[in-house]
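Reader: I have a model open on my screen and would like to know where its descriptive labels come from. Could you take me through them?

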Amino acid sequence: MPQSPVLLQTIGLLPSLERRLAETYTIHRLPAAGPEREAFLAARGAEFDGIVTSANSGADAALIAALPKARVISSFGVGLDKLDVQAARARGIPVGYTPDVLNDCVADMAFGLLLSIARRLPEGDRFVRAGRWSAPGATAFPLGFQVSHGKLGIVGLGRIGRTIARRASGFDMDVRYHSRNAVDGAEWRYEPKLLELARWADFLVVITAGGAGTRHLIDAAVLDALGPKGFLVNVARGTVVDEAALVQALREKRIGGAGLDVYEHEPQVPAELLALDNVVLAPHIASSTVQTREAMGQRVLDNLAAFFAGEPLPSAA
Ligand code: NAP
Ligand code: 8YV
């Protein structure tokens with residue numbers, strides 16, 4: 001019987017995906033960064049036919065170089081900011097990823113965060129649980145900000161950005177967007193200047209790619225343009241927002257509030273953010289539903305199966 005392809009798995013994955021990978025492939029886990037990993041790669045790097053990874057873990061040029069026989073990379077997730085696609089291409093290694101299947105859940109999450117911060121839902125939950133609603137002489141819960149009929153600015157009108165824009169029609173929102181290029185045929189107004197979009201918007205939702213090209217795109221100037229009645233939602237990557245500038249703007253109430261799924265140094269969240277009431281914090285869970293994660297896992301398997309059958313990857317980066 002021919003030997004099954006040998007894959008290096010960089011990080012823990014969905015248990016059902018791990019089970020199914022193990023049915024077809026010989027899987028080895030990459031040790032955590034440090035001397036053990038270095039020794040492992042030096043001793044066994046030449047055994048691997050490919051890498052299975054995730055958007056959170058990626059594969060850098062050094063890892064790819066340490067696997068001289070690797071012929072394919074399959075990643076669980078759509079973000080490529082931690083995966084050196086250029087280094088893979090230079091070796092002729094196809095990279096599979098999982099676009100589209102997560103658009104709906106990430107768009108849902110963007111609206112979840114938007115509603116949570118504008119309508120003060122987690123704050124209200126804390127208020128009720130602490131008995132402050134029923135307390136004698138209780139002060140009234142503060143007013144929220146209306147979402148329906150609001151002005152939604154989307155930064156990055158890609159696959160997910162367009163899904164968010166479509167969701168907004170159910171809230172009768174006016175939608176405009178910014179990206180480097182206007183999107184052909186888009187029904188929403190293109191704003192070539194990010195500052196202008198921020199100035200106009202009640203809600204600024206960030207859903208660009210991550211990586212060097214978007215680092216700190218949302219800086220103090222953009223936050224000030226959004227202003228004290230504006231809300232920021234980030235479901236893209238923590239690096240897209242200057243987190244120190246955001247903390248300061250929230251602390252000084254120079255923006256109305258923020259809903260965050262992603263952070264600059266995940267899973268570390270600045271202590272200042274934890275102490276603020278005008279921010280809602282989620283632990284990078286935008287794609288994290290049973291249905292979407294299973295679909296992403298299936299795409300990881302489909303990309304690998306196609307490669308080892310000598311066919312093009314169904315979702316190649
Ligand atoms: P996509 O279709 O490639 O869209 C990316 C968008 O970013 C494009 O509209 C692109 O437009 C824009 N963009 C890139 N660089 C820009 C810049 N410098 N300034 C302004 N806009 C820029 O990707 P997608 O599938 O929608 O996913 C977007 C990102 O969401 C992923 O890369 C990932 O990091 C993140 N994500 C997060 C989660 C989560 O769990 N929170 C889940 C899934 C995805 P132009 O090229 O015209 O600028
Ligand atoms: C997941 C993501 O957290 O797809 C992405 O880019 O950030 C999320 O879907 C990730 O894929 C799990 O590693």
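Reader: How do the residues of the lining of the largest pocket divide into nonpolar, polar and charged?

Author: Happy to help, and please keep in mind that this is a predicted model. The lining of the largest pocket divides into 24 nonpolar, 18 polar and six charged residues. The space in this pocket is about 1,200 Å³. Of the 48 residues that line the largest pocket, V78, G79, T208, A209 and G210 are the closest to its centre. The elements that give two or more residues to this lining are α5, α7 and α12.

Reader: What makes α5 oblique to α7?

Author: The axes of helix α5 (residues 103–118) and helix α7 (residues 159–169) cross at roughly 55° and come within 9 Å. Roughly parallel would need an angle under 35 degrees, and roughly perpendicular one of 65 to 115. The value fits neither class, so α5 counts as oblique to α7. The crossing in which α5 passes α7 is right-handed.

Reader: Which residues make the contact of α5 with α7?

Author: On the α5 side they are N103, D104, V106, A107, D108, A110 and F111, and α7 brings R159, I160, T163, I164, R167 and A168. Sorted by class, the contact of α5 with α7 has seven nonpolar, two polar and four charged residues.

Reader: Why are α1 and α12 called roughly parallel?

Author: Their axes cross at roughly 20° and come within 9 Å. Angles under 35 degrees count as roughly parallel, and therefore α1 and α12 get that label. α1, too, passes α12 in a right-handed crossing. In the contact, S16, L17, R20 and L21 of α1 meet E294, G297, Q298, V300, L301 and L304 of α12. By class, this contact of α1 with α12 holds five nonpolar, three polar and two charged residues.

Reader: Let's turn to the enclosed spaces. How many cavities of 30 Å³ or more does the count come to?

Author: The count comes to two. A cavity is a set of points where a 1.4 Å probe fits but cannot get out. The largest cavity has about 40 Å³ of space, and the second largest has a volume of about 30 Å³.

Reader: Which residues line the second largest cavity?

Author: Its lining is made of L14, S16, L17, R20, E294, G297, Q298 and L301. The elements that give two or more residues to this lining are α1 (15–24) and α12 (290–308). The largest share, four residues, comes from α12. By class, there are three nonpolar, three polar and two charged residues in the lining of the second largest cavity.

Reader: And which residues line the largest cavity?

Author: N234, G238, V241, E243, L246, L260 and V262 do. Four residues of that lining are nonpolar, two are polar and one is charged.

Reader: On to the backbone. How do you know that the peptide bond between E266 and P267 is cis?

Author: Omega is the clue: the bond that joins E266 and P267 has an omega of about 0°, and it is a cis peptide bond. P267 has its place in the loop between β11 (257–260) and α11 (271–274).

Reader: What makes the phi of H149 worth a look?

Author: Phi of H149 is near 70°, a positive value in a residue other than glycine. Most residues other than glycine have a negative phi, and most peptide bonds are trans. You will find H149 in the loop between α6 (121–129) and β6 (151–155).

Technical notes. Residues numbered from 1 in each chain as written. Chains lettered and ligands numbered in written order. Predicted model: local features only at pLDDT ≥ 70, side-chain atom pairs only at ≥ 80, totals over all residues. Heavy atoms only, no water. 1 Å grid on protein atoms, 1.4 Å probe; cavity = no way out; pocket = protein on both sides within 12 Å on 5 of 7 lines; lining within 4 Å. Points joined across faces, edges and corners; volume = space filled by probe spheres on them. Nonpolar A, V, L, I, M, F, W, Y, C, P; charged D, E, K, R; others polar. Axes fitted to C-alpha atoms, helices over the stretch in contact; angles between N-to-C directions. Parallel < 35°, antiparallel > 145°, perpendicular 65-115°, else oblique. Left-handed = near helix turned anticlockwise from the far one by under 90°. Contact = heavy atoms within 4.5 Å.
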